[in-house]
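Here is a set of short exercises with worked solutions. Keep the sequence and the 3D view open as you go.

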Amino acid sequence: MNKKLFALLSTLILASLALAACGGGGAATQAPAAGGGKVEVFSWWTGGGEAAGLEAMIKVFNEKYPDVEFINAAVAGGAGTNARAVLATRLQAGDPPDSWQGHAGQELIGTYVAGGQIEPLNELYEAEGWLAVMPETLIPLISQDGNIYSVPVNIHRANVLWYNPGILEANGVEVPSTMDEWFAAMDTLKAAGVQPLALGEQWTKLHLLETVLLGTLGADAYNGLWDGSTDWGSAEVKTAIDNFAKVLTYANTDSASLSWQDAAQLVVNGDAAFNVMGDWAAGYFIELGKTANTDYGWAPTPGSVGVFQFLSDSFVLAVGAPDPEAATSWLKIAGSKEGQEAFNPVKGSICARTDCDKTLFGEYLQSAMADWSSNKVVGSLTHGVVANDSWKTEIDTALGLFVSDGNVDTFQTALVAACTSSGPCK
Ligand code: GAL
């Protein structure tokens, strides 16, 4: 036996001994669920491009595991607002689905890991070779104490300004790249009787707020909001809130009753000029049969050129999953090249994996891939990356009050208090 082979075999034997010694939580070492079983997968992907993406991945699953029943337990409502409440009730009642959609970052670590609700997946990562194909930046956001807790299926971008190219052209308006240019553009549109901004229900306002914080403060100071190095009580944050208050004045007055799809549709239908939404909107526009650069155009939200505000959907294995073997089969598909290549072009996201075939993706998503690999990356608030659930809820509650009373000082005071009670500003 040559030396290299001997060294390799020794490493493999040591690794398998180490795996055996770890025990527990080790669904990866089990055989594939060839002999039946069922897996209940919980998400909020029920419509508007999202369900179609999920269906595409379920199709791959059904082909690979024809004997495993797939139970699609999706609860409607963008950003998981409803679904996460239902999930929390189920987890509290000891009735977990086998696997669910969570966000990489503080949502995952601060809620599900902290609550002991999900299993570590290190063995699955080793068995599937995922450490070699998942982005290095993502692993720390889904790990704690050396354990990896989820399988990321995608990378979404939050800071996208969608626009109607025809409306901008007809009104002589350039695509804005700064907050001031955006205000000037929206003034022109408003004066011409065009609806400048399409906005939806409460969570989409939180989404808008995070992009305005980023666009006003810049990437470094925005990051500082989440680690305590940017003062929430500062003049800069006040300017950001003032900007946000001003942006709201350009929005439709029936926002509270519109879903994100309703608001995005106003732009592609020619009823509004701009909408700020994550790039799941790209999946929706494809589903609507709309054409990139004709029916819709895109740019980084004003002030955030060169910055990619990201989030990542990832699937977990429940502690006490009714069928851990079938759940592991699902996770294998979620982490696979085939699963991600089926899911992402339809969903409007790029693969979490680094080895997907770029030619499968449309024009918008190819531009997102280029930006993801070249831009400065920061995390989303609304979609779980930068703040734990209690902090996000406090911010969201303060926002709800602000939307109704418009008082900037009260809002800023509440944001300062939220960072002290639930964030790093002790
Ligand atoms: C996000 C999720 C996306 C998309 C969006 C709208 O939280 O990460 O995948 O579903 O909500 O529902």
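**Exercise 1. Work out the strand order of the four-stranded sheet and find its edges.**

Step 1. The model is predicted. Its open sheet of 4 strands reads 14-7-12-15, and the pairing is mixed.
Step 2. Look at the ends of that order. Strand 14 (350–351) and strand 15 (376–379) are the edge strands, each pairing on one side only.
Step 3. Now take one pair. Strand 7 and strand 14 run antiparallel, with 2 bridges between them. Within this pair, Asn154 lies opposite Cys351 of strand 14.

**Exercise 2. Do the same for the five-stranded sheet, and explain what marks its edges.**

Step 1. This open sheet of 5 strands has the order 2-1-3-13-6, again with mixed pairing.
Step 2. Strand 2 (69–74) and strand 6 (151–152) each have a single partner strand, so one side of each has no neighbour in the sheet.
Step 3. Strand 6 is joined to strand 13 (residues 313–315) by 2 bridges, in the antiparallel sense. Pro152 has Ser314 in strand 13 as its bridge partner.

**Exercise 3. Divide the chain into domains and describe how they meet.**

Step 1. Assign the segments. Domain 1 covers 3–156 + 312–376, and domain 2 covers 160–309 + 377–422.
Step 2. Place them. Their C-alpha centres are 29 Å apart.
Step 3. Count the contacts. On the domain 1 side 30 residues take part, and on the domain 2 side 31.
Step 4. Size the interface. About 2,500 Å² is buried between the two domains, with 55% of that area from carbon and sulfur atoms. In domain 1, His156, Tyr364 and Lys376 lose the most area to domain 2, together 29% of what that side buries.

**Exercise 4. Identify the polar links between the domains and the elements of domain 1 that face domain 2.**

Step 1. Start with charge pairs. There are 2 salt bridges between domain 1 and domain 2. Lys376 forms a salt bridge with Asp220, and their closest N and O atoms are 2.6 Å apart.
Step 2. Add the polar contacts. Between the domains, 15 residue pairs are in polar contact, both residues at pLDDT 80 or more.
Step 3. List the elements. Those giving two or more residues to this side of domain 1 include helix 2 (50–64), helix 3 (81–92), helix 4 (106–113) and strand 7 (154–157). Helix 15 gives the largest share, 6 residues.
Step 4. Sort by residue class. The side of domain 1 that touches domain 2 has 10 nonpolar, 13 polar and 7 charged residues.

Key. Residues numbered from 1 in each chain as written. Predicted model: local features only at pLDDT ≥ 70, side-chain atom pairs only at ≥ 80, totals over all residues. Heavy atoms only, no water. Domains from an automatic or database assignment. Contact = heavy atoms within 4.5 Å. Buried area = accessible area lost by both parts, 1.4 Å probe. Salt bridge = Lys/Arg side-chain N within 4 Å of Asp/Glu carboxyl O. Polar contact = N/O pair within 3.5 Å; in protein donor to acceptor, adjacent residues only side chain to side chain. Nonpolar A, V, L, I, M, F, W, Y, C, P; charged D, E, K, R; others polar. Pairing = 2+ DSSP bridges.
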